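I set out to record how the parts of this model meet one another. The entries below follow the order in which I looked things up.

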Amino acid sequence: MKSSQYVHFFFSNEPLFFLEDLMTRQGGLLWVDKYRPKTLETLDIHPEWTEKLASLCEQGTLPHLLFYGPSGVGKRTRIYALLRQVFGIAIEKRQVEHRFLKVGEPPKEVELTTITSAHHIELCPADVGYNDRLVIQEIVKEIASSKPIELGNVHRGYKVVVLHDIDEVSKQAQQALRRTMEKYTSCCRIIMSAESVTRVMEPIRSRCLGIRIPCPKKEEIEQVLQKIAKKEGLVLPDCYANQLVTQSKGNLRKAILLLQVGRAIAYPFSQQQQKKNEEEEESWISSQETGWDWERLCYDIANIVIREQNPKQLCNIRNKLYELFCHAIPGDMIFRKITLHLLRMMDEEVAPQVCHWAAHYEYGMKRGSKEIFHLEAFLAKVMYIYYSHIHTQYSMAWMDD
Amino acid sequence: MAPSLPEELPWVEKYRPNKIKDLVYQQEAAQLLHNCLTSGNLPHCLFYGPPGTGKTSAALAFCKELFPPEIYKDRVLELNASDERGIKVVREKIKRFAQGSVSSAQFEGFPCPPFKIIILDEADAITPDAQTALRRTMEQFSKITRFFLLCNYVTRVIDPLASRCAKFRFRSLPMQLQVDRLRYIVDQEGIMVSDDILQTLTSCCNGDLRRAIMTLESAYCLARGSNITDEIINSVTWRVPDHVISQIDSNCLKICSSGENTLQFSELRNMAIEFINNGYPVSEIIYQLCEALIPVNHLNKLQKSVIMIKFAQAEKMLIDGSDELLVLMDIFGVLFQVYNEPDNVEKLIWLTRN
Ligand SMILES: Nc1ncnc2c1ncn2[C@@H]1O[C@H](COP(=O)(O)OP(=O)(O)O)[C@@H](O)[C@H]1O
Ligand SMILES: [Mg+2]
């Protein structure tokens, strides 16, 4: 749904094309979906929240909720599990609908995808671009005007609207949510998810209970991987599992995807212990065929900057950047990745400067329109800084602007 | 709308003041509204102030005391940021609402003055163009309508509009009054909560009473009838735990005291990555770090100034959508240099470049 979260998993990587191919042949599912825990009790990570969420459901009044934390830590899964706890099995009868919604005055038609059950509706408002405000209003009003359904012994006075990636919606849409959240509390609850709460405005935060979901611990990821391996009847040596965990950087979804890719192209898994320091590990991982293509490109770019600082290499880098854009990798992910590689490879003295310029140019990129200009400017700047650093004994590079 | 089940209402709504006299603290506004209840004279009003200080509540409570439910819909129009508020729509809607004549029917116990009220909530989110249009509308119907404009930032309401209103500033509620209000709520609910806990609760809500009530209810739910503990409060507030914040300062100190040859920026870098992985909001980190660093003795004035300027710049970048990790590392980069070279005036000043 959100580009930065899914694009690189589903569209841009050969290993995954391979995987899809495999799936169609075997008629299988992605393991991330197949082994998604359905209830609160079966959630593997963050046991502290599991219990708390269960007690929230016991009370008559569920507050508005905002789940936040990095990508791939299980926010969506947790939201489903919570709904399951509140509404029971009925929530699992979900329907994906592609709809055309008439919004605004004068009315215009907006195309969007929603997932609905008898008790909830879920959507990703940022998908509809600048119409997000109208769509949210329309959906909430729609829900509020339809009576909550009684099913068996489940009686709740409200329905739930799930809004994914609320940090990606426009400021106007967030403004609009403020009073809506108060006005319709009697018949509907809003559950949101966000990667960065910084971009969720204060008045919205103060209207809901925030649930911070941190990255799972390494052991937790490893446990999940082992569990899946067991269910699939695989032998997963500890050292291989370890590599996957390191490579996933706390992103559970990525770890599971990697395991499935590994199953497809590198099974049986190698037993060899490959202990290296962080730097070597990083380059080793980047050279692996199971790695994502775009990550390897970012690594290469950082490497070029460190090795040689001249216009020719800048051209070389430009080609690689274009390749990244062809893969539809969002600019901020490229920025992050390259900066982290650079910081790891460079002398510590210049690191604060690199951080400064990374933030500086990324900010420019967010406000500008051509991502490549800002990335190139950043890399040229770093080349210059690094060049001055290694060629002057008493580095005064900080004085240059 | 579906039938509302009162017992299902969250506390924030359940304990929204229904009468002007229930409003806590905002005396000036309360006084004016109260006078109006008896005299029937009302200017246009502009309420401004931070979230959760009672602006919406005051306006709604006032209208409810003025008009009985039977004619409430005819007399009060509430428009907020969720409604379509383009120029045309605002004018049309208000026109339609204002046009109907005011019946002179009287109701026992309600003053029912002969005008209609239009509440524009979140007025600072209306575009300047629409605000200009509004100004004419306001004049056009001034005989039979009164406007309540509610907003957080008075500067975002255009001057011609603001100058037509009596302005009231809603101030953040003092700690003690918040605690009292929370105490009232827990008493009504029949729950035992110690004063200390209420104190802790309010201290992490920046004077936003809505947030305090919200937090209290969540904490109560999570505690499942047993005592609310600090740990529970920590997990339901938006604040970053204090030990995380103090870790930043202590790490910077450790690094700069370890001697010049062992620069260890990588430690700060890893800390930044860890914070992001833990999902701590960087805006909140900046805010709390600012609070924490102002009183310390181990930084001189110049150092502190440089850090604060950096915070201001970083906050702006975040609001404009910059990547959180990069901004945090940038901040740490500056902290690193500021801690390391406390007396290098030239360099410290240079660090505040934009
Ligand atoms: N001055 C106050 N007196 C009593 N309750 C208040 C006051 N300010 C805020 N509250 C509580 O906080 C909630 C939100 O207040 P509201 O009026 O909506 O704030 P805003 O100023 O953001 O419009 C109310 O439901 C009420 O419970
Ligand atoms: Mg309000």
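These notes cover the contact between the chains, the domains of one chain, and the ligand.

**Basis.** I worked from a predicted model, in which local features need pLDDT of at least 70 and side-chain atom pairs count only at pLDDT 80 or more, while totals for chains, interfaces and linings use all residues. Residues are numbered from 1 along each chain as its sequence is written, chains are lettered from A and ligands numbered from 1 in the order in which they are written, and side-chain values use heavy atoms, with hydrogens and water left out.

**Entry 1: chain A with chain B.** I looked up the contact (heavy atoms within 4.5 Å) and found 83 residues of chain A and 77 residues of chain B in it. The buried area is about 7000 Å², with 55% given by carbon and sulfur atoms; this is the accessible area (1.4 Å probe) that two parts lose on being put together, summed over both.

I then asked how many salt bridges there are between chain B and chain A. The count is ten, a salt bridge being a side-chain nitrogen of Lys or Arg within 4 Å of a carboxyl oxygen of Asp or Glu. A:Arg205 and B:Glu284 form a salt bridge at 3.7 Å, N to O.

Between the chains I also noted 23 residue pairs in polar contact, both at pLDDT 80 or more. A polar contact is a pair of N or O atoms within 3.5 Å; within protein, one must be able to donate a hydrogen and the other to accept it, and residues adjacent in sequence count only if both atoms are side-chain atoms. On the side of chain B that touches chain A, helix 16 of chain B gives the largest share, nine residues; helices are DSSP runs (H or I, at least four residues), numbered from the N terminus.

**Entry 2: domains of chain A.** I found chain A divided into domain 1 (3-32 + 216-286), domain 2 (46-212) and domain 3 (293-400), with bounds from an automatic or database domain assignment. Domain 1 of chain A brings eight residues into contact with seven of domain 2. Their buried area is about 600 Å², 32% of it from carbon and sulfur atoms. I found zero salt bridges across this interface, but three residue pairs in polar contact, both at pLDDT 80 or more.

**Entry 3: ligand 1.** Where does ligand 1 lie? It lies between chains A and B. I counted 18 residues around ligand 1 (a heavy atom within 4 Å), with B:Lys55 and B:Thr56 among the closest. An oxygen atom of ligand 1 is 2.6 Å from a polar side-chain atom of B:Arg210, and one is 3.0 Å from a side-chain N or O atom of B:Arg16. At B:Gly52 the partner is a polar backbone atom, 2.8 Å from an oxygen atom of ligand 1.

Technical notes. Helices (H or I, at least four residues) and strands (E, at least two) are DSSP runs, numbered from the N terminus.
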